[in-house]
Protein chains: 2
Amino acid sequence: MSSNRDIDALIDMMAKLPGLGPRSARRAVLHMIRKKTLVLHPLTELLQAVALNVRECVNCGNLGSGAVCDICASEKRANGELCVVEDVADLWAMERSGVFRGRYHVLGGTLSALDAVGPEELRIPRLIERVSSEGITEVILALNATVDGQTTAHYIADQLDGHVRLTSLAQGVPIGGELDYLDDGTISAALKARKAV
Amino acid sequence: MSSNRDIDALIDMMAKLPGLGPRSARRAVLHMIRKKTLVLHPLTELLQAVALNVRECVNCGNLGSGAVCDICASEKRANGELCVVEDVADLWAMERSGVFRGRYHVLGGTLSALDAVGPEELRIPRLIERVSSEGITEVILALNATVDGQTTAHYIADQLDGHVRLTSLAQGVPIGGELDYLDDGTISAALKARKAV
């Protein structure tokens with residue numbers, strides 16, 4: 001396409017990243033080639049650094065540079081609250097909100113009979129271990145409000161029932177949300193969970 | 001954000017690429033970290049290869065691995081036709097159509113009084129040189145149908161007038177286009193250039 005093997009291979013590789021397609025990959029690659037010193041070289045170095053340094057925390061599944069991630073290593077985060085998320089992206093989203101000050105447990109997916117994903121594949125045994133060994137008082141199930149996410153939440157709740165306080169994120173109208181644009185399920189959940197003003 | 005300096009720097013860098021934002025950069029970076037062997041390592045190697053091997057053709061401004069690009073090096077492409085484009089991305093778009101068999105000349109932008117881009121910044125002197133030295137019989141002005149593109153086309157046409165046959169891409173209804181969705185300018189251009197069936 002570009003009459004150069006390396007450029008074509010790079011475009012193909014970039015186009016396979018989530019959120020990119022052939023067109024945006026071409027634009028990104030051209031931009032990188034035009035700005036070799038400002039973009040291409042620093043980007044290559046960062047990819048090398050990430051490949052070399054970043055690994056999964058053995059404790060919670062978060063990404064970090066040591067065997068144990070910064071959150072697990074920090075004593076300040078040991079407040080007895082443990083937030084269970086599906087994915088590192090969900091952990092980052094929680095951290096961006098800046099409200100939660102406890103620790104996390106990244107499952108690495110959701111239970112799925114179809115894809116043969118059982119509890120063993122999901123770091124669930126490690127979760128049960130942590131609840132007793134780390135003196136956890138509350139487990140917050142921050143799983144996605146999808147069928148698979150809720151199935152997984154129910155399974156974990158069953159496993160931990162009686163051992164610890166279990167909570168889940170509130171469901172309702174998102175901040176800035178307009179009723180007219182919300183689905184029936186969200187409105188119905190918000191109505192059921194209505195509170196006194 | 002991710003509590004890791006390298007990951008944050010990589011996300012910031014990726015988010016600045018055209019077509020990506022913070023959200024898609026986060027998704028792409030997580031995908032790369034999850035697939036270190038399949039994505040992260042090959043991508044790093046390709047970026048290194050491109051940084052090392054790819055450079056601008058001294059003749060036409062296309063990207064390639066030698067001092068002169070494959071198209072300029074190929075005798076088959078010396079059919080006397082020279083297609084003038086703004087950008088390497090436009091050259092790639094022309095090549096994808098697979099119809100043009102001549103050579104290209106990449107201007108590297110358009111004339112712009114506001115941004116102080118004059119003919120010297122745009123490889124226009126080199127174009128005039130090539131027209132006489134390469135035995136060019138037709139110059140096809142394939143510049144974008146924008147104000148800047150058309151200003152540049154007029155300037156080049158002035159410079160080359162009388163030396164060579166000058167053409168430009170036809171304007172009209174795009175293939176698959178619906179009249180109802182086309183702007184007035186396109187419909188008016190298509191009507192003026194109407195042809196017998």
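Guide: Helices (H or I, at least four residues) and strands (E, at least two) are DSSP runs, numbered from the N terminus. Helix α6 of chain B, residues 124-133, is one such run, and R130(B) lies in it. This is a predicted model, in which local features need pLDDT of at least 70 and side-chain atom pairs count only at pLDDT 80 or more, while totals for chains, interfaces and linings use all residues. Residues are numbered from 1 along each chain as its sequence is written, chains are lettered from A and ligands numbered from 1 in the order in which they are written, and side-chain values use heavy atoms, with hydrogens and water left out.

Visitor: Let's stay with that arginine. How do you know whether R130(B) is buried or exposed?

Guide: By its relative accessible area: buried means under 20%, exposed over 50%, and partly exposed in between (1.4 Å probe, protein chains only). R130(B) has 0%, so it is buried.

Visitor: Which residues is R130(B) in contact with, leaving aside its neighbours within four places in sequence?

Guide: Contact means heavy atoms within 4.5 Å. On that count R130(B) touches N59(B), C60(B), C72(B), L82(B), R103(B), Y104(B), H105(B), G135(B) and I136(B), with neighbours within four places in sequence left aside.

Visitor: What about loop residues? How do you decide whether L111(B) is buried or exposed?

Guide: L111(B) sits in the loop between β4 (103-106) and α6 of chain B. Its relative accessible area is 12%, so L111(B) is buried. Beyond its neighbours within four places in sequence, L111(B) has contacts that include V117(B), L122(B), I124(B) and Y155(B).

Visitor: And A116(B): what makes it buried or exposed?

Guide: A116(B) belongs to the loop between β4 and α6 of chain B. At 59% relative accessible area, A116(B) is exposed.

Visitor: What is worth pointing out about the phi of A116(B)?

Guide: Most residues other than glycine have a negative phi. A116(B), a residue other than glycine, has a positive phi near 55 degrees. In chain A, R123(A) also has a positive phi, near 60 degrees, and R123(A) lies in the loop between β4 and α6 of that chain.

Visitor: Now the sheet in chain A. What is the strand order, and which way does the pairing run?

Guide: The order is β4-β3-β5-β6 (chain A), an open sheet of four strands with parallel pairing (two strands pair if DSSP finds at least two bridges between them). At the edges are β4 (103-106) and β6 (165-168) of chain A, each pairing on one side only. From one strand to the next the twist averages 25 degrees.

Visitor: How do you know that β3 and β5 of chain A count as a pair, and how many bridges join them?

Guide: Four bridges join β3 (residues 81-85) to β5 (residues 138-141) in chain A. The definition asks for at least two, so these strands pair. One residue to look for is V84(A), which stands opposite L141(A) in β5(A). Helix α6 (residues 124-133) of chain A packs on the sheet, touching β3, β4 and β5 of chain A, and its direction makes about 160 degrees with that of β4(A) (axes are lines fitted to C-alpha atoms, for helices over the stretch in contact, and angles run from 0 to 180 degrees between N-to-C directions).

Visitor: How many bridges join β5(A) to β6(A)?

Guide: Four, and these strands run parallel. L141(A) has S168(A) as its bridge partner in β6(A). The chain goes from β5(A) through α7(A) to β6(A) in a right-handed β-α-β crossover (with the strands pointing away from the viewer, the path from the first strand over the helix to the second runs clockwise). Helix α7 (residues 147-160) of chain A lies across β3, β5 and β6, at about 165 degrees to β5(A).

Visitor: What is the sheet order in chain B?

Guide: β4-β3-β5-β6 (chain B), again four strands in an open, parallel sheet. Its edge strands are β4 and β6 (165-168) of chain B.

Visitor: What makes a nonpolar core, and how many residues has the largest?

Guide: A nonpolar core is a set of buried Ala, Val, Leu, Ile, Met, Phe, Trp, Tyr and Cys residues joined through side-chain atoms within 4.5 Å. The largest has 76 residues, and among those with the most contacts inside it are L10(A) and L10(B). L10(A) is in contact with residues of chain B including L43(B) and V50(B).
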